[in-house]
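Colleague: I'd like to learn how to read a model like this one, feature by feature. Could you take me through it?

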Amino acid sequence: MGTTRIVAPADMPFIDLEREFEAPVELLYRAHTDPELLRQWLGPAQYEMTVEEYDVRDGGRWRYTHRDRSGIAYGFHGVFHGQPSTAGMLQTFEFDGAPGHVSLDALTFEPNGDRTTVRIHSVHQSVEARDAMIRSGMERGVNEGYERLDDLIARRVPVA
């Protein structure tokens, strides 16, 4: 199992995340672009995820909702920019509970044999907005999600 490195430099409105997975780049790309696979791993473990829209192409929109055990929904949405590929993808990210606070997330896949390093550079509109994202429980959600992705990979989801 990998360890997620999360860095949020003081006075800079961004967050950098990095994690290595024991999987080829094609499998990691599929896990990030196939809505059925994404639903199985993204976000906190105790939430159920519904993918309403996930159009992985330049200008394509995405929207999903996490629902806790009491039924409270947490919706997220954005738009893909550029052509997503096994090299990476670029998208906006907005939480329904904080409208207007949009981040731009650049995700890259760095292959290294049968392993892949996933990096995310998330740029926020201000340091305050970045700090609010961190305080929201982002670290827990990222770590739990990546642990579930490790489990999904261990089952060796076939690459189409």
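Modeller: Sure, and let's begin with contacts: two residues are in contact when heavy atoms lie within 4.5 Å. Bear in mind that this is a predicted model. Take Arg57: setting aside neighbours within four places in sequence, Arg57 is in contact with Phe80, Gly82 and Pro84.

Colleague: Where does Arg57 sit, in a strand, a helix or a loop?

Modeller: In the loop between β3 (48-54) and β4 (61-67). His81 is 24 residues away along the chain, and the two C-alpha atoms are separated by 7.4 Å.

Colleague: And is Arg57 buried, exposed or partly exposed?

Modeller: The idea is to look at relative accessible area: under 20% is buried, over 50% is exposed, and partly exposed is in between. Arg57 has 41%, so it is partly exposed.

Colleague: Let's step back to the whole fold. How many helices and strands are there?

Modeller: Four helices and eight strands. Reading from the N terminus, the order is β-β-α-α-β-β-β-β-β-β-α-α. The radius of gyration is 15 Å, close to the 15 Å that the globule rule gives for 160 residues, so the protein is as compact as a globular protein of that length. Along the principal axes, the C-alpha trace spans about 40 × 35 × 30 Å.

Colleague: What do burial and contacts look like for the protein overall?

Modeller: Of the 160 residues, 39% count as buried. For contacts, take those between residues at least 6 apart in sequence: 47% of them join residues at least 24 apart. The accessible surface comes to about 8400 Å², with 52% of that belonging to carbon and sulfur atoms.

Colleague: How many charged side chains are there, and how far apart are the centres of the two sets?

Modeller: There are 17 positive and 26 negative side chains, and the centres of the two sets lie 3 Å apart.

Colleague: How do I check the length of a helix, say α4?

Modeller: Compare the expected span with the distance between the end C-alpha atoms. Helix α4 covers residues 138-154, and at 1.5 Å a residue its 17 residues should span 24 Å; the ends are 24 Å apart, so the two agree.

Colleague: Which residues of α4 are buried, and what do they pack against?

Modeller: The buried residues are Met138, Gly141, Val142, Glu144, Gly145, Tyr146, Leu149, Asp150, Leu152 and Ile153. They pack against β1, β2 (14-21), α1 (25-33), α2 (35-41), β8 (115-123) and α3 (127-135). Arg148 is also in α4. Beyond neighbours within four places in sequence, Arg148 is in contact with Gln40, Trp41, Leu42, Gly43, Pro44 and Ala45.

Colleague: What about α1, one of the elements α4 packs against?

Modeller: Seven of the nine residues of α1 are buried, so α1 is largely enclosed by the rest of the structure. Those residues are Val25, Leu27, Leu28, Tyr29, Ala31, His32 and Thr33. Look at His32, with a relative accessible area of 6%. Not counting residues up to four places away, His32 touches Leu38, Trp41, Tyr54, Met89, Leu107, Phe109, Val118, Tyr146 and Leu149. Tyr146 and Leu149 are among the buried residues of α4.

Colleague: Now the strands. How would you read Ile6 and Gln91?

Modeller: Ile6 is in strand β1 (residues 5-7) and is partly exposed, at 27%. Outside its neighbours within four places, Ile6 is in contact with Ile15, Asp16, Leu17, Met138 and Glu139. Gln91 is in strand β6 (residues 88-95) and is buried, at 14%. Gln91 is in contact with Trp62, Val79, Phe80, His81, Ser103, Leu104 and Asp105, again leaving aside neighbours within four places. Ser122 is 31 residues from Gln91 in sequence, with 9.6 Å between the C-alpha atoms.

Colleague: Last one: which backbone angles should catch my eye?

Modeller: Positive phi values, because most residues other than glycine have a negative phi. Here, Asp11 has a phi near 65 degrees. Asp11 lies in the loop between β1 and β2 and counts as exposed, at 66% relative accessibility. Arg156, which follows α4, has a positive phi too, near 50 degrees.

Definitions and conventions: Residues are numbered from 1 along each chain as its sequence is written. This is a predicted model: local features need pLDDT of at least 70, side-chain atom pairs count only at pLDDT 80 or more; totals for chains, interfaces and linings use all residues. Side-chain values use heavy atoms; hydrogens and water are left out. Helices (H or I, at least four residues) and strands (E, at least two) are DSSP runs, numbered from the N terminus. The radius of gyration is taken over C-alpha atoms; the globule rule is 2.2 Å times the number of residues to the power 0.38. Buried means under 20% relative accessible area, exposed over 50%, partly exposed in between (1.4 Å probe, protein chains only). Accessible areas come from the Shrake-Rupley method with a 1.4 Å probe; for residues, only the protein chains shown count as cover. Lys and Arg count as positive and Asp and Glu as negative; His and the chain ends are not counted. The place of a charge is taken as NZ of Lys, CZ of Arg, CG of Asp or CD of Glu. The expected span of a helix is 1.5 Å times one less than its number of residues.
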